[in-house]
Amino acid sequence: MALAKILWVDDEIESLHSQILFLENKGYEISSMTNGFDAIDYVRDNFIDVVLIDESMPGITGLETLAKIKEINQQVPVVLITKNETENLMNDAIGSQITDYLIKPVNPNQVLLSLKKIIDNKRLVAEKTTTAYQQQFRNLFMALNSNPDHNDWMDIYKKLIYWELEMEKSDSPEMREVLQSQKQEANTEFFKFVSKNYASWVKPKATGVPVMSHTLFQSKVFPNLEKGVPTFFILLDNLRFDQWKAIQPIFSENFRITEEDTFYAIMPTATQYSRNAMFAGMMPMDIERQFPSQWRNDDEEGGKNLYEEDFFRAQLKRIGKDNLRFSYTKVLNFQAGQDLVNNIHNLYDNDINIIVYNFVDMLSHARTEMEVLKELASDEISYRSITSSWFEHSPLHQALKKMADKKINIILATDHGSVRVKTPCKVIGDKQTTTNLRYKHGRNLNYEAKEVLAFRDPRLAGLPVPTVNSSFIFAKEDGFLCYPNNYNYYVNYYRNTFQHGGVSLEEMIIPVIKMTSKP
């Protein structure tokens, strides 16, 4: 069986007999044509892996032939062979979607290298990726077992994501399985690490602790405000670090990324806790104390994130920055996104513009509820893909493109990530127990101690005490908390959905990215 089927089009094809023979001896099947018209008919009637086209042919040129071939089969790779190295021709050729070009006279090895690059590229990249990961496996294993601190954990997680994205290029399910196993082991160790250290991180005036939700603005935003240059703080809700990597190339088209960093979401890794903490600049326990009429616990009526702008204004006043001009825009639906696009020009006179964009969170919730989205985002790869596709066609992307020619700074962040849940854990509670799948609070909670991180006194985790004797529990790794009633139904319904609120690398270590407009 031939390695690939090649069509070579050249009006002097007889002079290329030795080259064709060389490629055939290497295992390629070569068909040859002397003019563009015959080549177009041949592509219409036959399957071809690669087309080699001479540019200078009588009757119809190589570029004209290329255009007609692309109309028939847009995906077929085309290599242009030319004596002409002028810039205009190269621009035309690249604009016409050539895959490669060669300058005459070509030798057989040049053609062979081009074919290998096109046909074997995926296989060669996959092999190299697998080999490189095998070499790095031990380094990651040693890092996991060397008592990592909070900075080391951010580094470990970034490396795991790097290899997860690289493994998409590999066709080795075995190596992907090894990586997933290593990621699972990392989450097991990360849970132990958080269980041991979290309470000390959230103590007032704690030192040597990571940047967290409630310290994000003071650590990463306010120090980077530039006089006379508006800063846009974009909070893209429920954005994991791997999802950021999926949309990074789209941002890079218009903006220069100056810093790619991560920080820790507070627990519960859920919007009403982490996002309120971010804008208030304080832990939920302190928010409830200072804003008793605005704070809502899970089991209370009313919206849980209605006062973010008020909290932010109070934070500015508390730290002596209430002279900053700011705007606050929340986008909950497509129409609000279009309004943002239309009104973006009104925001350039502010020092800081906060844009809270809720789409990714809606996607993950909808994915749980809607069968079609379960199909579309059935695993991490498809979840990244659907995030990228949404962002590329979103009003947010339109708004960013409108801003690209202005001198601005952007800080992109999120409030928490999400994890694909697989392991059910039974929990029994009274009627007041909350319904969240990755965390619960209530009285008389009955659970398996080794399956959760529990705070019998929520104040130790910086959290309000909703009712007397209320405890908080957080699911670990890929666990999700289910009641015994209709247990099997809910287990099957929620397994393999993306949830948040608990303790995992995916939920807690989240992106904060600094960008500036390109000159």
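**Figure 1. Proline 105 sits in the loop between β5 and α5.** The model shown here and in the later views is predicted. Lysine 104 and proline 105 are joined by a cis peptide bond, with omega about -10°. Most peptide bonds are trans. A second cis bond links methionine 267 to proline 268, where omega is about -5°. Proline 268 belongs to the loop between β7 (255-264) and α11 (271-280).

**Figure 2. Lysine 104 pairs with aspartate 10 in a salt bridge.** The closest N and O atoms are 3.4 Å apart. Aspartate 10 comes from the loop between β1 (5-9) and α1 (17-25), and lysine 104 from the loop between β5 (100-103) and α5 (108-119), so the contact ties together parts 94 residues apart in sequence. Aspartate 10 is buried, at 3% relative accessible area. Lysine 104 is partly exposed, at 23%.

**Figure 3. A salt bridge joins aspartate 100 to lysine 117.** The N to O distance is 3.3 Å. Aspartate 100 lies in strand β5 and lysine 117 in helix α5, so the pair ties together parts that are 17 residues apart in sequence. Aspartate 100 is buried, with a relative accessible area of 13%. Lysine 117 is partly exposed, with 48%.

**Figure 4. Helix α5 has its buried residues on one face.** These residues are Val111, Leu112, Ser114, Leu115 and Ile118. Viewed down the axis of α5, they fall within an arc of 160°, so they line one face of the helix. The twelve residues of α5 should span 16 Å at 1.5 Å a residue, and the end C-alpha atoms are indeed 16 Å apart. Asparagine 107 caps the N-terminal end of α5. One of its side-chain oxygens lies 3.0 Å from the backbone nitrogen of asparagine 109.

**Figure 5. Lysine 192 and glutamate 189 form a salt bridge within helix α8.** The closest N and O atoms are 3.2 Å apart. The two residues are three apart in α8 (residues 173-201), a separation of about one helical turn. Lysine 192 is partly exposed, at 47% relative accessibility. Glutamate 189 is also partly exposed, with a relative accessible area of 24%.

**Figure 6. Seven residues are linked in a network of salt bridges.** The acidic members are Glu164, Glu168, Asp242 and Glu506. The basic members are Lys183, Arg240 and Arg384. Side chains of opposite charge can pair when their charged atoms come close. The whole structure holds 29 salt bridges.

**Figure 7. Strand β13 pairs with strand β16 in the antiparallel sense.** Four bridges connect β13 to β16 (residues 471-475). Histidine 441 has phenylalanine 472 of β16 as its bridge partner. Within β13 (residues 439-442), Tyr439 and His441 point one way, and Lys440 and Gly442 point the other. All four are buried. In a regular strand, side chains alternate between the two faces of the sheet.

**Figure 8. Glutamate 477 has a positive phi although it is not a glycine.** The phi value is about 50°. Glutamate 477 is in the loop between β16 and β17 (479-482). At 15% relative accessibility, glutamate 477 counts as buried. Most residues other than glycine have a negative phi.

**Figure 9. Asparagine 496 is a residue other than glycine with positive phi.** Its phi is near 70°. Asparagine 496 is placed in the loop between α19 (487-494) and β18 (498-499). Asparagine 496 is partly exposed, with a relative accessible area of 31%.

Conventions
Residues numbered from 1 in each chain as written. Predicted model: local features only at pLDDT ≥ 70, side-chain atom pairs only at ≥ 80, totals over all residues. Heavy atoms only, no water. Salt bridge = Lys/Arg side-chain N within 4 Å of Asp/Glu carboxyl O. Buried < 20%, exposed > 50% of the residue type's maximum accessible area, 1.4 Å probe, protein only. Pairing = 2+ DSSP bridges. Expected span 1.5 Å × (residues − 1). Arc of directions from axis to C-beta. Polar contact = N/O pair within 3.5 Å; in protein donor to acceptor, adjacent residues only side chain to side chain.
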